[in-house]
There are 2 protein chains.
Amino acid sequence: MSETIEQKCLSKGVKLTDQRRIIAKVISESKKAYGESDHPDVDELYNRVSKIDPKISIATVYRTVKLFEEAGILTKHDFKSGKARYEINDDHNHLIDIKTGDIIEFVDEDIEELQKKIASKYGYKLVDHKLELYGIKIDKKNE
Amino acid sequence: MSETIEQKCLSKGVKLTDQRRIIAKVISESKKAYGESDHPDVDELYNRVSKIDPKISIATVYRTVKLFEEAGILTKHDFKSGKARYEINDDHNHLIDIKTGDIIEFVDEDIEELQKKIASKYGYKLVDHKLELYGIKIDKKNE
DNA sequence: TTATTTGCAAACGGTTTGCCGATTA
DNA sequence: TAATCGGCAAACCGTTTGCAAATAA
């Protein structure tokens, strides 16, 4: 994560406001502060933002994440929950524990390669992809 | 597609009604009648069902596809449209044309293998997976 | 100053549900 | 017959939007 969200906004011409800075900060810190697999949905984002500035409305949070997504700064995920989750644009995939909801991030070069190959086989240039694995923990002794 | 949806209902103890039979029929035929890449959303399903029996309500369509999904007969997809699509449970992936919305189905053994390997690498047994590729057609001469 | 953004509350759209009469096994 | 289902309309819930006041550049 070389560049902050704020820096990306500047370079992409996205105007910064106090609200947007706070939302950007919360998203950036959601990894460090809550661990690797923290994927807050919009509502949870709003809760965290509210603790910093309770006057920010949820409409602003929605507008901001959408804006950041359109600017290519964030990526939207849906998983199997009905609620949207946003995270910093970074090419990784997700392994989701169907029992606990835990989310593990992973990258795999071989899969990336295969995906490109498949797309081109059908005459397409790959521009985006989504890979979600759902699994249950293999128990070692107890669980 | 060896077994019909009706047969699957019987073997899974799902009670059959006229409405469910019609909905099952429409889903089964959505491939043959409309071509390989026909993935009707619930609303479109309802439209087609209505032509056979206009008295069937959309609530019944929703209840039925959900029931079939829970019985493991259908699989739900969301793609990037906000509307749910259901299709017969069959392990394939999707390549979506981001310009036209065309959907191409594909299966790839190598990818399946890799996915299992990755899951087990993290201590998980793979129980489900979702792979969506989004691409644009490579133009050959014109388009 | 001028365009853009925000907060509020109302609207939206896909999906679910409570009620009760109708239908299935 | 006993249990389940289906139709209707209202509720639900995540998300979007119109408006007027506030703010960024």
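Student: Where in chain A do A:Arg48 and A:Glu44 lie, and how many residues apart are they?

Tutor: In this predicted model, both A:Arg48 and A:Glu44 belong to helix H3 of chain A, which covers residues 42–52, and they are four residues apart, or about one turn of the helix.

Student: What makes the pairing of A:Arg48 and A:Glu44 a salt bridge?

Tutor: The term asks for a side-chain nitrogen of Lys or Arg within 4 Å of a carboxyl oxygen of Asp or Glu. Between the side chains of A:Arg48 and A:Glu44 the N to O distance is 2.8 Å, and because the cut-off is 4 Å, the pair qualifies. As a general point, side chains of opposite charge can pair when their charged atoms come close.

Student: Why is A:Arg48 called buried or exposed, and how is A:Glu44 classed?

Tutor: Buried means under 20% relative accessible area and exposed means over 50%, with partly exposed in between. A:Arg48 has a relative accessibility of 9%, and therefore counts as buried, whereas A:Glu44, at 29%, falls between the two limits and therefore counts as partly exposed.

Student: How do you know that B:Glu44 and B:Arg48 form a salt bridge, and where do they lie in chain B?

Tutor: The closest N and O atoms of B:Glu44 and B:Arg48 are 2.8 Å apart, and this value is within 4 Å, so the name applies. In chain B, too, the two residues sit in helix H3 (residues 42–52), four residues apart, about one turn of the helix. B:Arg48 is buried, with a relative accessible area of 9%, while B:Glu44, at 29% relative accessibility, counts as partly exposed.

Student: What makes the contact of B:Lys116 with B:Glu113 a salt bridge?

Tutor: The side chains of B:Lys116 and B:Glu113 meet at 3.8 Å, N to O, and since the limit is 4 Å, the pair is counted. These residues are three apart in helix H5 of chain B (residues 109–121), so about one helical turn separates them. Both count as partly exposed, because the relative accessibility is 49% for B:Lys116 and 41% for B:Glu113. Over all chains, the structure holds eight salt bridges.

Student: How do you know how the two copies, chain A and chain B, are related?

Tutor: Chain B is superposed on chain A, with an RMSD of 0.1 Å, by a rotation of 180° that carries 0.0 Å of shift along its axis. The two copies are thus related as by a two-fold rotation axis. The same surface serves both copies, in that 100% of the contact residues of chain B recur in chain A. Among the residues of chain B, B:Leu131 comes closest to the rotation axis, its C-alpha being 2.2 Å away.

Student: Which residues are closest to DNA strand C, and how many surround it?

Tutor: There are 20 residues around DNA strand C, the closest being A:Thr17, A:Thr60, A:Arg63, B:Tyr62 and B:Lys83. Of the atoms of this strand that come within 4 Å of the protein, sugar and phosphate account for 77%. The surface near DNA strand C divides into six nonpolar, five polar and nine charged residues, and its largest share, four residues, comes from H4(B).

Student: What makes the approach of A:Arg63 to DNA strand C a polar contact?

Tutor: A polar contact needs a pair of N or O atoms within 3.5 Å. A polar side-chain atom of A:Arg63 lies 2.8 Å from a base nitrogen of DNA strand C, so the pair meets that limit. At A:Arg20, a polar side-chain atom lies 3.2 Å from a phosphate oxygen of the strand, and at A:Gln19 a side-chain N or O atom is 3.1 Å from a sugar or linking oxygen.

Student: Which residues come nearest to DNA strand D, and what polar contacts are found there?

Tutor: Of the 19 residues around DNA strand D, A:Tyr62, B:Thr17, B:Gln19, B:Thr60 and B:Arg63 come nearest. Sugar and phosphate make up 76% of the strand D atoms that come within 4 Å of the protein. Phosphate oxygens of DNA strand D are 2.4 Å from a side-chain N or O atom of A:Tyr62 and 2.3 Å from one of B:Thr60, while a polar side-chain atom of B:Gln19 lies 2.8 Å from a sugar or linking oxygen. The largest share of the surface near this strand, four residues, comes from H4(A).

Note on methods:
Residues numbered from 1 in each chain as written. Chains lettered and ligands numbered in written order. Predicted model: local features only at pLDDT ≥ 70, side-chain atom pairs only at ≥ 80, totals over all residues. Heavy atoms only, no water. Least-squares fit on C-alpha atoms with pLDDT ≥ 70 in both. Contact = heavy atoms within 4.5 Å. Buried < 20%, exposed > 50% of the residue type's maximum accessible area, 1.4 Å probe, protein only. Near = heavy atom within 4 Å. Polar contact = N/O pair within 3.5 Å; in protein donor to acceptor, adjacent residues only side chain to side chain. Nonpolar A, V, L, I, M, F, W, Y, C, P; charged D, E, K, R; others polar.
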